Amino acid sequence: MAQSPKAGAKTPGRDVFSGTPTPSSTKRGGRRVYMVAGGLTKFAKAHPEMDFRLMCKKAFDQARLDVPNLRLDHIDGTRISYFSDHFSRQLKAASMVQDFLGLNPRGSVRIEWGGATGGECFQAAWEAVASGRMDTCLAVGYETMSRVQTWKGNEFIALASDVNYDFPLGGFYTGYYALMVVRHVYEYVRKTKFANVKDEREAQKKAVEYASRVMAMVSVKNHRNALFNPYAQYPKKLELKDALESEMVSYPLPREDICTMSDGAAAVILCSEERAKEFCDNPVLVKGVGCGTDTMRLSDRPFGKVLLMPHEKASDYTHLDYPGVHSFRAGRAASLEAYGHAGIENPNKDLQFIELHDAYASSEIQTYEDMGLCRYGEGYGFVERGDPFLKGLDYGMDVPRAGASPVNPSGGLIACGHPVGATGLMQAVFAHWQLQHKIGEKFGSDRLQIPNARRGAIHSHAGTGSSVTVSILERVKA
Amino acid sequence: MTGENMAKPQSGGKAKLRRTQKFTEVQETLQKEGAAIFVDKQGTENLYIDFPYHVNYLHSYAQDTPFFLGLAEGRLRGTRCESCQYTYATPRTYCQFCGGPAGWVDLPLKGKVHSWTTCHYGSEAFLKETPYNLVLVEFEGVNSILLSRLKACTEEQIYVGMPLVAKFASKPKYLITDVWFEPAPGAI
């Protein structure tokens, strides 16, 4: 038996971790990049009438309607995204998309980065234009998840966990997110709100009950927002009680706290400044991009110091081991990079809305904290006060601060669906329409339009938080 | 693609495929007949075929081999960085902080629940095992944690901090499931 270090000993390893520099990117070069148009198919359980190529074409053609002067030969190249070769059962499917769209022989590459595939595709297209390699780049992505039965689909997704150490234990992403939120509740609810409850089991049960109700509030918010989004897969007038009482999938995550499998495609057209002026009188500037990563396995996450936002202090987190399994360091790193690039100091003040990757109601709450919308540990209170809700919508409950910091006005993944390779691009399309102030025109109702939206963020997230992208979009037109 | 799952040709010309307007019936029909026509709301016909895909991988554990051989001997082996001493419960053969080599060490066979869940559903491969408990185990003096199954207790009994003991399969399958955890005596 080898000797073990003392419990809780500050090993040199931890010090090395704590010294990890925060991402810094304010000096980034490159050209200004603008989004001129976006399009998408409705997200659905299945689209039997369209294969992946036709879905991509429909999304692309819809985007082109907004830029009638942009001809096919203006597209200098593409970045094409889909997550899983297992769902496609067609290797080099991206080549078939390129082919179907009539864009040969221009440059193209397939982008895959787990759940963040769409967000990475957006940033890859940004890079193509920012670098000067292209003046106009199409980012298009899809997923066709209806091709297998739901539980088989869950197995494909779980193959995006370590197949030596994680998958054979019962590979199931809802299970992994449940592990993370149980610890999140322990750190931030058990140790605070229920600190005085002596019996450990009872204290933890009460903490989870409290957190479950807050997660159900998030699910209600997103499903009810989606009532006004015609592209959403599962809009519904969900009641808090029904969300709470929906079937348990992995404790403490019930059915309504979890996104679904979907078929769908989304497309985004990015241009240089010169081209953007030529094609569009209301382009949106991609003001900042950021990407962060973390260990593939939850079990390898360090217990170190928080990567601080400009509006936070180390003394806010004296007793917090970070990120552990309760927070997403990749999301924090991506946010820091994107905020630095865009010159954002306080996201609550500088962003009018956020479309974030709510694969689970729990991860939406964890992500508020990673993105600095509230401090670590304040995510539940942020929801209870109503900050991420929209003003003027009926949620069947009291949300006093609705409109303070709208999150997922579109309905997010929970209500829109999650065709993985399209999801991050879907967020860009919705954000684009928000910033063009065109939600009324595009959705047939302006109930989801954030008044005077000038700047928004999109957030795309992979694995158990193994990679995350954040991009900042800004309205240019006065 | 293999031939046996394809639609069987009908004698006398045109194949008579089952038509369905319920998407839920497509899969069921494919399993029986190998092909089906889904008629959507617009009346458009969409031909579906069954498309099986089976693979047997030659999967080497490579540098992680000592961990899995260790399980077969009732040993739980982690690694420790030779330069910075960071100790991994889930082995990494090179340190994630300093990049140096990490050597094998035996982990204690006792730990505590760091976090847990009970899965009432799972991937297809594990559906028949539901409900099952997943647990992240922390060990005294070890910097990182280990994902495992938690057995011999009910969902209501589990809590963060519960003391655990490791158990090993008598007949190893050389999978991570060769080790699991149970509540320590007196913990429940």
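Start by selecting strand β4 (residues 77–81) of chain B together with β5(B): two bridges join them, and the strands run antiparallel. Keep in mind as you click around that this is a predicted model.

Zoom in on that pair and pick out B:T79. Which residue of β5(B) stands opposite B:T79? That's B:Y88.

Now add β6 of chain B to your selection. You're looking at an open sheet of three strands, in the order β5-β4-β6, with antiparallel pairing. Check the edges: β5 (87–88) and β6 of chain B each have a single partner strand there, so one side of each is left without a neighbour in the sheet. If you're wondering what holds strands side by side, strands of a sheet pair through backbone hydrogen bonds, either parallel or antiparallel.

Stay in chain B and go to residues 35–39, which are strand β2, then add residues 45–49, which are strand β3. These two also pair in the antiparallel sense, over five bridges. Select B:F38 and look across to β3(B): B:N46 stands opposite. Next, follow the chain round the hairpin, where five residues sit between the strands. Stop at B:G43, which takes a positive phi near 85°.

Time to hop over to chain A. Select helix α8 (residues 200–225) and helix α13 (residues 361–370). Their axes are 8 Å apart, and the helices pack at an angle of about 95°. Angles of 65 to 115 degrees count as roughly perpendicular, so that is the word for how α8(A) lies relative to α13(A). Show the side chains where they meet: α8(A) brings A:V214, A:M215, A:V218 and A:S219, while α13(A) brings A:A361, A:S362, A:E364 and A:I365. Try colouring this contact by residue type, and you'll get five nonpolar, two polar and one charged.

Finally, show both chains and look at where they touch. How many residues does each chain put into the contact? Chain B gives 59 and chain A gives 48. On the chain B side, highlight β6 (102–106), β7 (110–119), β8 (132–138) and β9 (146–150), each of which supplies at least two residues. The largest share comes from β7(B), with six residues. Colour that side of chain B by type as well: 30 residues are nonpolar, 20 polar and nine charged.

Before you close the viewer, colour by confidence. The mean pLDDT of chain B is 92, and 92% of its residues reach 70 or more. For the complex, the predictor gives an ipTM of 0.94 and a pTM of 0.94.

Note on methods
Residues numbered from 1 in each chain as written. Chains lettered and ligands numbered in written order. Predicted model: local features only at pLDDT ≥ 70, side-chain atom pairs only at ≥ 80, totals over all residues. Pairing = 2+ DSSP bridges. Helix = DSSP H or I, 4+ residues; strand = E, 2+ residues; numbered from the N terminus. Axes fitted to C-alpha atoms, helices over the stretch in contact; angles between N-to-C directions. Parallel < 35°, antiparallel > 145°, perpendicular 65-115°, else oblique. Contact = placed C-beta atoms within 7 Å. Nonpolar A, V, L, I, M, F, W, Y, C, P; charged D, E, K, R; others polar. pLDDT = per-residue confidence, 0-100.
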